[in-house]
There are 2 protein chains.
Amino acid sequence: MPAATTLRISPTLAAGADNSGPAFSPLYQQIKTLMTRSLQAGVWRPGEAIPSETELAARFKVSQGTVRKAIDALATDNLLVRRQGKGTFVATHTEEKTSLLRFLRIRANDGRDEPHVSRLLDVRRSKATADIARLLELKPGDPVIVLRRVLEHAGAPTVLDEIVLPATLFKGLTKAKVDAYRGSMYSFFETQFGVRMLRAQEKLRAIAADAAGARMLNVAPGTPLLAVERVTFTYGDRPVEWRRGLCVTQHHHYFNELG
Amino acid sequence: MPAATTLRISPTLAAGADNSGPAFSPLYQQIKTLMTRSLQAGVWRPGEAIPSETELAARFKVSQGTVRKAIDALATDNLLVRRQGKGTFVATHTEEKTSLLRFLRIRANDGRDEPHVSRLLDVRRSKATADIARLLELKPGDPVIVLRRVLEHAGAPTVLDEIVLPATLFKGLTKAKVDAYRGSMYSFFETQFGVRMLRAQEKLRAIAADAAGARMLNVAPGTPLLAVERVTFTYGDRPVEWRRGLCVTQHHHYFNELG
DNA sequence: CAGTGGTCTAGACCACATC
DNA sequence: ATGTGGTCTAGACCACTGG
């Protein structure tokens, strides 16, 4: 029986140096923090099942209902996936249509769901600009890896992506390795580098296509394009990816749901 | 003590004619449906407190924990707002920064949060086009009300909105009444017409400004604009608003969070 | 069949807001 | 002090999956 010291109703346990008072943290929240650590540390690996609720309850010395609340929270954060009768699994970008498509918001105007094809243009090493450094919490000049690719829907190029990654986290990433990999970009990052994309912030603008972009996307220069800038975060809200997509929105659009 | 017949574990009670089998529906789900009806019927009015959990538990003849699960679900749907120590309240567009801003995704590039000003251009009666009829579940030619307005941030026009409403739901809506009202558009709809906007779907595209739009927004014709098309739904997923916003994205952007 | 998650209960106690 | 929502427990039973 592993250690798993449960600290019980001890106040001031919330993550981060919170010096703003007692800050009562409920038990299930503490359990959630402990479980998040197991996920981050790779004790429970993507796609695998975690221990059952009763097992975890015994381990943490709390009731099954309390473990349940912690798991519920992790499931709504998309870190875990519950499957009745089977178990609770670590979410992954590798399988599952739902997880995979969570970050892809481009749809065809007619509902048709033609699969998109990714064509990698180039991979090069570079240095972080001031802007990138700020967004990725690096120092200006820190080494980064820049990928460029085109997404094609129904044979026509629709999205031109530029992806910037901190080189320290993605050592050994080459064009050959990306080309050899079958699956989505985030699945590639997850399985090959252990970097899991959990959450993202996007800013959308309309811009005019410049000469180079127009050529890649096979449109006239000056064509309005949807510019989607994204910062993606992993555990602990650490930013680990910046990307900008330029989308031709003649036959496609960016879809969003406001709950 | 009101009626409130609880049907208990009786299968096939889910909303809609579901002929796909037994379709077990848990108790808390049934309670949620009953409570949604009270909200829709106006038994509990926007801004007011609903009965306490123990009160509702007695009324529905279930345990407090079951009522709690129903309320939890309604709270995550943004229909109710819980306030510890005070009670549970019906969500409203009239107060509350959070509820109000849920549907406004335009932000200034620098984080500054200048309040926007809405300038109503005109209100006119019209007939639903085929497209509008399809999206609002009307018949082509059904009467609609069309509002046009400009949103100004820091004195400069940034968004040109066109809003289409089914005339039957908004009888008596005139420019004078909108101008007289202090508050957001959705607060106006809620208080003056009892139409509550709960959920929306948006499609975003980049387009070039035409002559008329360019004039209203004080930009050159052909300037890339962010076109945001929205269909807004009320209870029972009934569409009750279509709108299109044309946004100048020089100093602003559309913000989105991917969970 | 056994094992998993999902629901429901009854009761105890805590934290917060108000009087 | 009282009433509200928030947490936690222990136990029973139901629904789903797979051997």
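Guide: A polar contact is a pair of N or O atoms within 3.5 Å. Please keep that cut-off in mind, and also that this is a predicted model.

Visitor: What makes the approach of Leu27(A) to a phosphate oxygen of DNA strand D a polar contact?

Guide: A backbone N or O atom of Leu27(A) lies 2.2 Å from a phosphate oxygen of DNA strand D, and since the limit for a pair of N or O atoms is 3.5 Å, this pair counts as a polar contact.

Visitor: How do you know that Ser63(A) and Thr66(A) also make polar contacts with DNA strand D, and which part of each residue is involved?

Guide: For Ser63(A) a polar backbone atom is 2.9 Å from a phosphate oxygen of the strand, whereas for Thr66(A) an N or O atom of the side chain is 2.4 Å from a phosphate oxygen; both values are within 3.5 Å, so both pairs qualify.

Visitor: Why are Leu27(A), Ser63(A), Thr66(A), Arg68(B) and Arg82(B) called near to DNA strand D?

Guide: Being near requires a heavy atom within 4 Å of the strand, and these five are the closest of the 20 residues that surround it. Of the atoms of DNA strand D that come within 4 Å of the protein, 86% belong to sugar and phosphate.

Visitor: Which elements supply this surface, and how many of its residues are nonpolar, polar or charged?

Guide: At least two residues each come from α1 (27-41) and α3 (64-76) of chain A and from β1 (80-83) and β2 (87-90) of chain B; by class, the surface has four nonpolar, nine polar and seven charged residues.

Visitor: How do you know which symmetry relates chain A and chain B?

Guide: A turn of 180 degrees with a shift of 0.0 Å along the axis lays chain B on chain A with an RMSD of 0.1 Å, which is the relation of a two-fold axis. In addition, 100% of the interface residues of chain B are also interface residues in chain A, so the copies meet through the same surface.

Visitor: Is Met197(A) buried or exposed, and what decides it?

Guide: Its relative accessible area is 2%, and because buried means under 20%, Met197(A) is buried.

Visitor: Where does Met197(A) sit, and which residues is Met197(A) in contact with?

Guide: Met197(A) is in the loop between α7 (185-193) and β7 (199-208) of chain A, and, leaving aside neighbours within four places in sequence, its contacts include His93(A), Phe103(A), Phe170(A) and Val240(A). Across chain A, 45% of the 259 residues count as buried.

Terms used: Residues numbered from 1 in each chain as written. Chains lettered and ligands numbered in written order. Predicted model: local features only at pLDDT ≥ 70, side-chain atom pairs only at ≥ 80, totals over all residues. Heavy atoms only, no water. Buried < 20%, exposed > 50% of the residue type's maximum accessible area, 1.4 Å probe, protein only. Least-squares fit on C-alpha atoms with pLDDT ≥ 70 in both. Contact = heavy atoms within 4.5 Å. Helix = DSSP H or I, 4+ residues; strand = E, 2+ residues; numbered from the N terminus. Polar contact = N/O pair within 3.5 Å; in protein donor to acceptor, adjacent residues only side chain to side chain. Nonpolar A, V, L, I, M, F, W, Y, C, P; charged D, E, K, R; others polar.
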